[in-house]
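Please open the structure in a viewer and keep the sequence panel in view. The stops below are meant to be taken in order.

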Amino acid sequence: VSGPIGAEAPRPRDLALLTGAARYVADLTVPGQACLRVVRSPLAHARLAGVTADAARALPGVLAVFTAADLPDVRIPIRLPFASTPRAERVLQPPLARDVVRFVGEPVAVVVAEDAYVAEDAAELVELDLDPLDVAVDPIAAALPGAPLVQEELGDNVVATLPLRYGNVEAAFAGADVVVRARLAVQRHTGVPLETRGLLAEPDTASGRLTIWGAAKVKHFNRNAIADLLDVDPGSLRLVELDVGGGFGVRGELYPEDVLVPWAALTLGRPIKWVEDRAEHLVATNHAREQTHEIAVAATRDGRLLAFDATAWVDQGAYVRTQGILPAFLPGHHLPGPYVWEAFSVTSHAVLTHRTPVGTYRGPGMTEASFVRERALDLLAGELALDPIELRRRNLVPPDRMPFVYDLGPQSPPIVYESGDFPAFFERLVERAGAAAERSPGVGVGVAAIVEMGGIGPFEEASVEAQPDGTLLVRAGVGSLGQGVEVALAQIAAEELGVPVERIRISFQDTDEVATGFGSFASRSTVVAGNAVALAARELRARAAELLEVEVEQVDIAAHAVELAELGAISARYEKEHPSYSFGGALSVVSVDEETGRVRVLRHVVAHDVGRAVNPALVRGQLAGAAAQGIAGALFEELGYDEQGTPLAISLADYLMPTLAELPEVESVLIENPVAGSPIGVKGAGEAGIVGSPAAVANAVADALGPAGSAVDRLPLTPARIRAILRATQSP
Amino acid sequence: VKPPPFAYARAESVDEAIALLADAGEDAKLLAGGQSLIPLLAYRLARPSHLVDIDQVPGLAGIDDSGAALEVGALVRHAELERADLPGALAVLAQAASHIGHLPIRMRGTIGGSLAHADPAAELPVAVLALDGRIVAASDKGTREIQVESFFTGPFTTSLQPGEVLTAIRLPVPPGRSAGSFAEFSVRAGDFALVAVAAAVAVDDEGRVEWARIALGGVDATAIRVSAAESELVGAELTGDAPRAVAAAAAAACDPVDDPIADAVYRRELVAALVGEALVRIRAELAS
């Protein structure tokens, strides 16, 4: 390691986080604060005839009770323009339910009280006059004519049907030696940060401004959206990020509470705090993942992939939220994966159901699609009597075809794999597993090859400013969700400026300090903001060279930091037109106890092309954490519902997040294949570890089950489900 | 997840706890380690008017093995119980304690609290049932012993009367040469068991079983004994396929509950697997 890039610099917040000195929004208390409690629907679908709050208002300590009638008639907007459609725009969620409730947990009223205990007592006293209506719970049934309607004005529950076609599918199937068909399903589950959501909105009567503490992920979008919804000047709002205990895609999006809390603070002229509890979190924060695919895969007798044809039903929940129809849009684009296909066709239906709305969770679409594709490939390998690893070897995109493009016609941007030796990278995964990947009774090996889409644009701006105290202040519009992006950006700045990492200060938490920012999602922060920081640092060096009248290579920033302060903040913008696609893979070795159905993951290896590892320790941490969530989704976690649309997982005793006792030590293989033409060459790293993990675990379980393994067709693979599979094959 | 209002009083003795309960009326609850009651309060599933805290009452935290029965004070923590060196089949109690939750829970949770809470999937009720335990309850009318068979009356309900304080559990020392084993299956370490099994066996000098208890948790409204399986054991030897046959009898004799995590068919399979596992371990223990 020559410079700051490539060093395993520690995260600046590690000590505080480990010693309990971190400051989360729940730790923040300001004078005069009151607490807000959301009254939520206990029914999945009902007409809301009225809300009676007299008893709640009469409780000592209660300041106010508000319903939809008190609020401006607004909807939570779609954040991503490309994930919006005219039909989606018609089914956005109001901050509080109007006339109809559509899922258990939907906000109906808010109570503001002097403390959180009284607020919860009063919330129980708010009477909801609800007339129950029929519910649509299963997405496939909900898509059929005659199903109870989630949004009457749409006329049916299919909010979008998204076709995707490449090549001549019919011809490819006609020429196939073998066709395998499968119906494969991923369950509803989601990211569950250990810190739940929370906000503290603090009005300043002197300036008329409102500070919102507890922001995360997409602060600038949320500032502008809240200003728009509340009809105030965006400059009057300040969003500040504190320590964040995990994001995973769900935390930090604009939710009803992000409008309700600031609105209540402005209306009552008092600081208002709301901290989501776990029971709320499991019904209010975005759910994710649930979908069923019917897929047919065509191949030649010698194991060459020809084409696939898939139909997917993707659950959207009761409303379309900030990420629009992305949950249904993404899986299709990731079904091809790292393989050469002559043709493919995908039709994805985004279906409304009377359940918590759906958003994106780490590795969205790509994780589900990889499960479907990689399970189907293992079924095909079985049909061809071919080693699953060998089947993949024969079909990975070869390096001489890079950049590799799937042109999807005028309706969709192309899928472009810029670079990479996929077959060689895949061998590194297989080699790492080594002899452990050999078979023994009750033990199975599963593999998955994937591409991760990350580093999405459109751009980030960053600035570097020399300070009179000799430090260098870097501003960037990202969020730190616990991943440590602040140290990665500091390493990039230090490398470019030729100063030690300790001399860099990063400012990203406060929208007053940082002018713009698209935020932290889609494995983009180190890629897009990191390149912007590098460009700004290079510009500072160039300007310093002029000022100091030396060659750029001779500029000694550290020695002249005080003089360079007069240059002010030097900004740069890094634009990114297309996302980066990185090759990755997962290999899992599991044991299955036939008597109890218990699956144990004995070894789990993930490989990922990270472009360039700015901080290898952070990258490995990202891969391991994501892989743990992938194993969780494969074996444990499920947000189940009964037939009435009542959630079955309402605490962490029912939502089975694995602990260290259930998880192996995740091994990682870092592949550094720098992006040509990019200032620092990095690719995304935040999601790769999850993308192939459920597929690899499921394939390993199927392998361990032997002939019964072909019944591994849905997640999670709970002990009860494993026993059911074995029972079905053992019974005469 | 904030509890509704309640009154709180700390008792310094059993008599004071009894008096405080009498004053507080029928909606009062005793609080000891709080590992079940506090979450119930937070989820507002329990709404006691008063909490009478006996957590620091002296004299209830001892394990006394000097008499014909082992006496375990109501405030003995699971973490202490799991470390206790108990003879013969009584060891099943320590094994059961080791399966409860996670270490921080075991540091605070108490045996009296677990029995009084009567969760049908909890470990200690199963072990106490397998050991013919007697529950000691004190009230202003004096002290009585309740046979464990008549103690658990339904999910989360017992035959304790309002105003009674559970003070100790008495476990008779099993006859002859005995051994016990506790086995359970949960999806994650530390969760409540889908099925828990406590088995206790005593053998005569020829190795013939003269006394046997098999109790199950997680399969019914309370911890239950499977006498059909027990009677198959008595008079037999624990050799060959005997554990498997008895396990099959236990599975056939119970009528498990269905829930979203485990249906009845699966629970029955777990009963067979776990009873078999427990009996094989007992056989090994008796052979050593």
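The tour goes through cavities, one helix, and several backbone features.

**Stop 1: the largest cavity**

Bear in mind from the outset that the model is predicted. It holds 4 cavities of 30 Å³ or more, and the largest has a volume of about 100 Å³. To centre the view there, select A:Gly198, A:Leu199, A:Gly214, A:Gly252 and A:Asp258, which are the closest to its centre of the 15 residues in its lining. Next, colour strand 9 (198–204) and helix 7 (219–230) of chain A; each of these elements supplies at least two residues of the lining of the largest cavity. Colouring the lining by class should give 7 nonpolar, 4 polar and 4 charged residues.

**Stop 2: the second largest cavity**

Move on to the second largest cavity, with a volume of about 70 Å³. Its lining comprises 16 residues, and the ones to select are those closest to the centre: A:Arg289, A:Pro327, A:Gly359, A:Gly365 and A:Glu368. Two or more lining residues come from each of strand 14 (305–317) and helix 10 (326–334) of chain A. Helix 10 of chain A gives the largest share, 3 residues. By class, the lining of the second largest cavity has 8 nonpolar, 4 polar and 4 charged residues.

**Stop 3: helix 16 of chain A**

Select residues 557–564 of chain A, which form helix 16. Which residues of this helix are buried? They are A:Ile557, A:Ala561 and A:Leu564. Turn the view to look down the axis of helix 16 of chain A: the buried residues fall within an arc of 85 degrees, and therefore line one face of the helix. The spacing follows a general rule: an α-helix has 3.6 residues a turn, so residues three or four places apart point the same way.

Now rotate to the face turned away from the buried side, where the exposed residues A:Ala559 and A:Val562 are carried. To see what the buried residues of helix 16 pack against, display strand 19 (459–466), strand 20 (472–476), helix 14 (485–497) and helix 15 (525–548) of chain A. Finish at the N-terminal end of helix 16, which A:Asp556 caps through a side-chain oxygen 3.3 Å from the backbone nitrogen of A:Ala558.

**Stop 4: two cis peptide bonds**

As background for this stop and the next, most residues other than glycine have a negative phi, and most peptide bonds are trans. Select A:Gly457 and A:Pro458, which are joined by a cis peptide bond with omega of about 5 degrees. A:Pro458 is in the loop between strand 18 (443–454) and strand 19 of chain A. Then go to A:Leu715 and A:Pro716, where the peptide bond is also cis and omega is near 0 degrees. A:Pro716 belongs to the loop between helix 19 (693–705) and helix 20 (719–730) of chain A.

**Stop 5: positive phi**

Return to helix 15 of chain A and select A:Ser523, in the loop between strand 21 (504–507) and that helix. Its phi is near 45 degrees, a positive value in a residue other than glycine. Is A:Ser523 buried or exposed? A:Ser523 counts as buried because its relative accessibility is 12%, where buried means under 20%.

The final selection is in chain B: B:Arg44, in the loop between helix 2 (37–42) and strand 3 (50–53) of that chain. Phi of B:Arg44 is positive, near 60 degrees. With 10% relative accessibility, B:Arg44 counts as buried.

Conventions:
Residues are numbered from 1 along each chain as its sequence is written. Chains are lettered from A and ligands numbered from 1 in the order in which they are written. This is a predicted model: local features need pLDDT of at least 70, side-chain atom pairs count only at pLDDT 80 or more; totals for chains, interfaces and linings use all residues. Side-chain values use heavy atoms; hydrogens and water are left out. On a 1 Å grid over the protein atoms alone, a cavity is a set of points where a 1.4 Å probe fits but cannot get out, and a pocket is an open set with protein on both sides within 12 Å along at least five of seven lines; lining residues have an atom within 4 Å of a point. Grid points are joined across faces, edges and corners, and a volume is the space filled by probe spheres set on the points. Helices (H or I, at least four residues) and strands (E, at least two) are DSSP runs, numbered from the N terminus. Ala, Val, Leu, Ile, Met, Phe, Trp, Tyr, Cys and Pro count as nonpolar, Asp, Glu, Lys and Arg as charged, and the others, Gly among them, as polar. Buried means under 20% relative accessible area, exposed over 50%, partly exposed in between (1.4 Å probe, protein chains only). The arc is that of the directions from the helix axis to the C-beta atoms. Contact means heavy atoms within 4.5 Å. A polar contact is a pair of N or O atoms within 3.5 Å; within protein, one must be able to donate a hydrogen and the other to accept it, and residues adjacent in sequence count only if both atoms are side-chain atoms.
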